[in-house]
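Student: I would like to go through this model by its sheets first and its aromatic rings afterwards. Please reason each answer through before giving the value or name.

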Amino acid sequence: ATFATQGEVIYDARNQIRVFSTEWGQINVKRFRQPSFCQRIAYTFFRQPKAQRAYNNALLLQNAGIPTPTPIAYILCGEGLLTTSYLVTLQVETREMFYLFGDGKTEEREDLLTAFAQLTAHMHNKGIMHLDFSPGNILYGKKDNQWLFNIVDINRMYFGKVSPRMGCRNFARLWGGHAFFEHIARIYAQERHLNTQYCLNEILKAHRHFWRYRHPEKFFRYES
């Protein structure tokens, strides 16, 4: 009842996120969409619910030095079968999402893009890959003339060796024009000691495949 009537809604789509002020500071509470009946059975008996996975993944990311909101708790609700789950984290200063490159421009944003590509390479070198590495799951901001990031929506992660091809294909869901991906490929290749042209080819191939076949109605917007 408290979640539905209190706090400030900052996101409301498939899931809902509210911010609450507490004596420890501001916290985020994310309520995951209620699962289907089959999913309720799976999450109750066979798989960890999304909130639990996100909580555990956050601990793994932070232990590896990957920035993500500090997890406080996860809450599972239901009688017999899971009905609703919640993830509680500390509020972070980084609020902007990585959508700005959708306009195709990289001028005067090169330092931000460099920092992002370096972070992604660091994640992959640590054997960590976000399986929904899209603009809405990459938060950024600037403090003391330094770019800061937070990786969110981390219930779907891969832990293991990230090959060059896997790493390059991880950029497929991002928004941006050719110059955007050229910059990413160059910095990512430097950080992982790879061939720049190979990285660019793999990134563009994966990007075109994702948008052309999974979101054809939007594909034309990202072919600049």
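Tutor: A residue counts as buried when its relative accessible area is under 20%. Note also that this is a predicted model.

Student: How many residues of strand β2 are buried?
Tutor: Strand β2 covers residues 16–22, which makes seven residues to consider. The strand is largely enclosed by the rest of the structure, because the number of buried residues among the seven is five.

Student: In what order do the strands of the five-stranded sheet stand?
Tutor: The sheet is open, and its pairing is antiparallel. Strands β1 and β4 (71–77) are at its edges, each pairing on one side only. Averaged over neighbouring strands and with direction ignored, the turn of one against the other is 20 degrees. The order is β1-β2-β3-β5-β4.

Student: Which residue of β2 is the bridge partner of glutamate 8?
Tutor: Strand β1 (residues 8–12) runs antiparallel to β2, and four bridges join them. The two strands are linked by a hairpin of three residues. In this pairing aspartate 12 has glutamine 16 as its partner in β2. For glutamate 8 the partner is valine 19.

Student: Which residue of β3 stands opposite threonine 22?
Tutor: β2 pairs with strand β3 (residues 25–31) in the antiparallel sense, over seven bridges. The hairpin that they form has two residues between the strands. Opposite threonine 22, in β3, stands glycine 25.

Student: At about what angle does helix α3 run to β4?
Tutor: Helix α3 is made up of residues 50–63 and lies across two strands, β4 and β5. With respect to β4, the helix runs at about 165 degrees.

Student: Which strands stand at the edges of the three-stranded sheet?
Tutor: This sheet is open and antiparallel, in the order β6-β8-β9. An edge strand has a single partner, so one side of it is left without a neighbour in the sheet. The strands at the edges are β6 (96–97) and β9 (146–151).

Student: Which residue of β9 stands opposite leucine 139?
Tutor: Strand β8 (residues 138–143) pairs with β9 over six bridges, in the antiparallel sense. Helix α4 (residues 110–125) lies across both strands, at about 45 degrees to β9. The residue opposite leucine 139 is asparagine 150.

Student: Turning to the rings, how many aromatic pairs does the structure hold, and how far apart in sequence are the parts tied together by phenylalanine 3 and tyrosine 86?
Tutor: The structure holds 15 aromatic pairs. Phenylalanine 3 and tyrosine 86 form an edge-to-face pair, 5.4 Å centre to centre with 65 degrees between the planes. Phenylalanine 3 lies in helix α1 (residues 2–5) and tyrosine 86 in strand β5 (residues 84–90), so the parts tied together are 83 residues apart.

Student: Are phenylalanine 3 and tyrosine 86 buried or exposed, and which residue lies over the face of phenylalanine 3?
Tutor: Phenylalanine 3 and tyrosine 86 are both buried. Over the face of phenylalanine 3, at 5.4 Å from the ring centre, lies arginine 18.

Student: What is the angle between the planes of phenylalanine 98 and tyrosine 140?
Tutor: Both phenylalanine 98 and tyrosine 140 are buried. Their rings form an edge-to-face pair at 5.8 Å centre to centre, and the angle between the planes is 85 degrees.

Student: Which charged residue sits over the ring of phenylalanine 101?
Tutor: Phenylalanine 101 belongs to one aromatic cluster, whose members include Phe98, Tyr140 and Trp147. The charged end over its ring, 5.5 Å from the centre, is that of arginine 109.

Conventions. Residues are numbered from 1 along each chain as its sequence is written. This is a predicted model: local features need pLDDT of at least 70, side-chain atom pairs count only at pLDDT 80 or more; totals for chains, interfaces and linings use all residues. Side-chain values use heavy atoms; hydrogens and water are left out. Buried means under 20% relative accessible area, exposed over 50%, partly exposed in between (1.4 Å probe, protein chains only). Two strands pair if DSSP finds at least two bridges between them. Contact means heavy atoms within 4.5 Å. Axes are lines fitted to C-alpha atoms, for helices over the stretch in contact, and angles run from 0 to 180 degrees between N-to-C directions. Rings of Phe, Tyr and Trp (its six-membered ring) pair if their centres lie within 6.5 Å; planes under 30 degrees apart count as stacked, over 60 as edge-to-face and the rest as tilted. A charge sits over a ring if NZ of Lys or CZ of Arg is within 6 Å of the ring centre and within 35 degrees of the ring normal.
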